[in-house]
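Please take me through this structure as I have it open in the viewer, telling me what to select at each stop and what I should find there.

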Amino acid sequence: MSATWLARKLCVAIFLAWLVATIVFLSLHMVPGDPAELLLSTGGTSPDPYAVAELREKLGLERPLIAQYGSFLAGVLRGDLGNSLVDDYPVLQEIALRLPRTLELIAAGSLLAILVGVPAGVYAALHRGGAFDRAASWVTALLLAVPVFVVGTLLVLLFAQTLRLMPAGGFVAFSQDPAQHMKLLTLPAIAIAKGLAAVLFRMTRAAMLDALAHDYVRTARAKGLAPRRVVFVHVLRNALNPVVTVLGLHMGTLLGGTVLVEYVFNWPGMSTPLLRAVEGRDYPMVVGIVLTISVLFLLINLLVEVVHALLDPRIAHS
Amino acid sequence: MKRLWFPAGCVAFVVLVALCAPLLGLPDPIRQDVANRLAGPMAGSWLGRDEFGRDVLSRLIWGARTSLSVAFVSALTAGLVGVTLGLIGGWGRGVSAFLSVRSMDVVLCFPPILLALLVVTLLGPGAATLILVLSVLYLPGFARVTHAEVLSVRGRDYVEATRALGARSAYLLFRTVLPNIAGPILVQLSLAVAAAVVLESGLSFLGLGVVPPAPSWGLMIRGARATMEQAPLLLVWPCAALTFTILAMNLLCDALRDMLDPRTRER
């Protein structure tokens with residue numbers, strides 16, 4: 001991986017982040033009509049003109065569009081995302097409090113998905129057509145069909161409500177009670193992992209079968225290498241590239257799924273203030289959170305590309 | 001071909017039931033009957049009543065109507081606009097052609113549900129907002145697929161031959177190119193409908209999609225969560241209906257792709 005390749009990728013990511021910020025900024029102005037009136041109107045009633053004037057003042061809507069855009073971008077660069085319209089709380093502070101919890105959920109879910117999906121895919125490919133392979137292909141089809149909030153809700157119904165094995169949801173800081181924290185993390189992580197695990201299983205299986213058919217595998221076997229070594233060093237190493245690509249492609253779904261899962265399990269991550277803000281038409285809060293998660297999405301994709309290039313040096317050189 | 005019939009039959013069944021909802025003689029899905037709230041199965045309402053005493057079976061079937069109509073309308077809108085942009089982008093040359101496809105890619109920078117939530121903040125929840133958001137979200141898929149297919153087809157001999165016969169661009173595009181790339185577009189359409197059902201139910205579940213008391217599977221799951229302890233079955237029916245529909249649609253997509261997509265057909 002060369003420095004120029006990395007620099008180019010970084011530039012593209014920064015450009016995309018700017019694009020995302022611009023679109024998020026423009027979203028309020030793309031809607032026909034007065035934005036302040038729009039945010040205050042509920043169900044066809046026209047809002048109080050004084051409140052509209054106040055909101056216009058607060059959002060700086062009186063100024064020319066280009067000036068608003070300039071101060072928005074400058075604010076984003078400084079890390080100032082404005083204040084909530086509801087309680088005047090700085091948006092950035094809310095995000096700083098919530099983001100680590102969301103990241104923890106995403107990390108736990110992805111890790112679980114990788115730990116389950118990849119080995120299962122390897123096993124299914126090595127025992128192609130066997131009982132496990134056939135059963136797993138049905139299970140993955142089912143897992144891909146069940147929406148993430150349905151899985152979450154059914155997990156609560158089964159493990160918390162019926163079997164009483166797990167808490168239905170909530171959050172305790174790790175520093176307060178590590179055991180309870182992990183317990184509360186388990187069900188949401190499973191819910192988040194289910195789709196990704198299914199996708200990873202399918203992709204690993206297909207990539208393994210593809211890699212197993214190559215000549216270098218026959219050569220490795222003919223050299224007398226142990227079957228285990230052939231599988232893990234020669235085949236899996238090559239099969240992992242498409243798997244990493246899929247991991248990146250699936251991140252958007254995963255981040256979106258996190259919003260739903262946090263809601264189902266009362267996990268106090270980014271989705272709590274986000275959903276409250278969407279309901280309360282708290283525009284700066286929504287913009288701040290959407291921007292943060294979208295930039296996070298870009299960063300994860302960049303990270304995936306870097307890992308991809310490390311696994312397959314041809315990518316950075318082409 | 002054999003693999004196509006079973007999922008196609010399942011999807012056709014759901015669509016048919018949804019279409020026939022007014023003819024089935026079901027109780028009004030939004031009429032409340034508080035005396036019978038959370039009542040179990042009984043004569044006239046086979047699946048029981050929900051937390052407001054509304055008939056669950058009726059809400060399930062009318063809910064299918066809501067979900068499917070939102071999904072189909074938005075997928076078709078996305079398809080119409082996306083395919084047009086893709087045709088322009090693939091056929092024309094120069095900056096405008098390039099931009100007509102590439103500008104759509106900006107939608108892909110956002111996780112879908114977040115873009116949807118941003119729009120809901122601005123326009124408020126409701127079926128119209130949902131259709132708008134879902135159409136925008138699935139536009140790039142159609143534009144990309146059409147663009148790529150047009151590029152691969154435009155230099156083929158039969159296109160050149162038709163052009164040599166004196167056909168105009170519009171005729172070439174709609175009568176020669178479009179029928180030949182219809183397969184992948186149809187696959188894309190089935191994918192978009194399935195994805196739209198998932199996203200619609202998710203937003204409704206959050207209370208930001210279909211507005212109550214209109215029936216929708218997402219809203220039913222949202223409502224049944226609160227009464228999970230007394231009536232767990234209320235949760236199971238909409239979950240099962242949603243999963244069954246999406247599973248059938250996914251299998252249909254796979255079968256369609258195997259049949260229509262030239263890249264997988266040869267294998």
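Select chain B and colour it by sequence position: among its contacts with a separation of 6 or more, 69% are made by residues 24 or more positions apart. The coordinates come from a predicted model, and that should be kept in mind at every stop of the tour. With a cartoon drawn, chain B shows 11 helices and zero strands, so the run of elements from the N terminus reads α-α-α-α-α-α-α-α-α-α-α. Along the principal axes, the C-alpha atoms of chain B occupy a box of roughly 75 × 45 × 30 Å, and 45% of the 267 residues of this chain count as buried.

Stay on chain B and pick residues 157-164, which form helix H6. Is this helix buried or in the open? H6(B) lies largely in the open, because the number of buried residues among its eight is zero. Just after H6(B), select B:Gly166 and check its backbone torsions, where phi is positive at about 100°.

Next go to helix H2 of chain B, residues 56-91, and pick B:Ser69 within it. B:Ser69 counts as partly exposed, because its C-beta neighbours inside 10 Å number 15, and a residue needs 20 or more to be buried. Add B:Ile131 to the selection and read the C-alpha to C-alpha distance, which is 9.4 Å although the two residues are 62 apart in sequence.

Now bring chain A into view and select what lies between the chains: 32 residues of chain B are in contact with 38 residues of chain A. On the side of chain B that touches chain A, the elements giving two or more residues are helix H4 (112-123), helix H8 (182-205), helix H9 (217-226) and helix H10 (233-260) of chain B. Which of these gives the most? H4(B) does, with nine residues. Colouring this side of chain B by residue class should show 25 nonpolar, five polar and two charged residues.

Turn to chain A as a whole, whose secondary structure comes to 14 helices and zero strands, in the order α-α-α-α-α-α-α-α-α-α-α-α-α-α along the sequence. The C-alpha atoms of chain A fill a box of roughly 80 × 55 × 40 Å, again taken along the principal axes, and buried residues make up 38% of its 318 residues. For contacts with a separation of 6 or more in chain A, residues 24 or more positions apart account for 70%.

Colour chain A by its two parts, domain 1 (3-78) and domain 2 (95-313), whose C-alpha centres lie 32 Å apart. The contact between them takes nine residues from domain 1 of chain A and 10 residues from domain 2 of chain A. On the domain 1 side, select helix H1 (residues 3-30) of chain A, from which the largest share, eight residues, comes. By class, the residues on that side of domain 1 are eight nonpolar, no polar and one charged.

Within chain A, move to helix H4, residues 65-78, whose 14 residues reach 20 Å from the first C-alpha to the last, close to the 20 Å expected at 1.5 Å a residue. The helix is followed by A:Gly79, with a positive phi near 85°.

The next selection is a pair of helices in chain A, H11 (residues 251-264) and H13 (residues 283-311), whose axes come within 10 Å and cross at roughly 145°. The crossing of H11(A) and H13(A) is right-handed. Show side chains for A:Met251, A:Gly252 and A:Leu255 in H11(A), which meet A:Ile293, A:Phe297, A:Ile300 and A:Asn301 in H13(A). Sorted by class, the residues of this contact are five nonpolar, two polar and no charged.

End the tour on A:Ile293, in helix H13 of chain A, which counts as buried because 25 other C-beta atoms lie within 10 Å. Which residues is A:Ile293 in contact with, leaving aside its neighbours within four places in sequence? Its partners are A:Leu255 and A:Met270 in chain A, together with B:Pro111 and B:Leu114 in chain B. As a last step, select A:Leu99, which is 194 residues from A:Ile293 in sequence and 9.0 Å away in space, C-alpha to C-alpha.

Notes: Residues are numbered from 1 along each chain as its sequence is written. Chains are lettered from A and ligands numbered from 1 in the order in which they are written. Domain bounds come from an automatic or database domain assignment. Two residues are in contact if their C-beta atoms, placed from the backbone, lie within 7 Å. Helices (H or I, at least four residues) and strands (E, at least two) are DSSP runs, numbered from the N terminus. Ala, Val, Leu, Ile, Met, Phe, Trp, Tyr, Cys and Pro count as nonpolar, Asp, Glu, Lys and Arg as charged, and the others, Gly among them, as polar. A residue is buried if 20 or more other C-beta atoms lie within 10 Å of its own, exposed if 12 or fewer, and partly exposed in between; C-beta atoms are placed from the backbone. Axes are lines fitted to C-alpha atoms, for helices over the stretch in contact, and angles run from 0 to 180 degrees between N-to-C directions. A crossing is left-handed if the near helix is turned anticlockwise from the far one by less than a right angle, and right-handed if clockwise. The expected span of a helix is 1.5 Å times one less than its number of residues.
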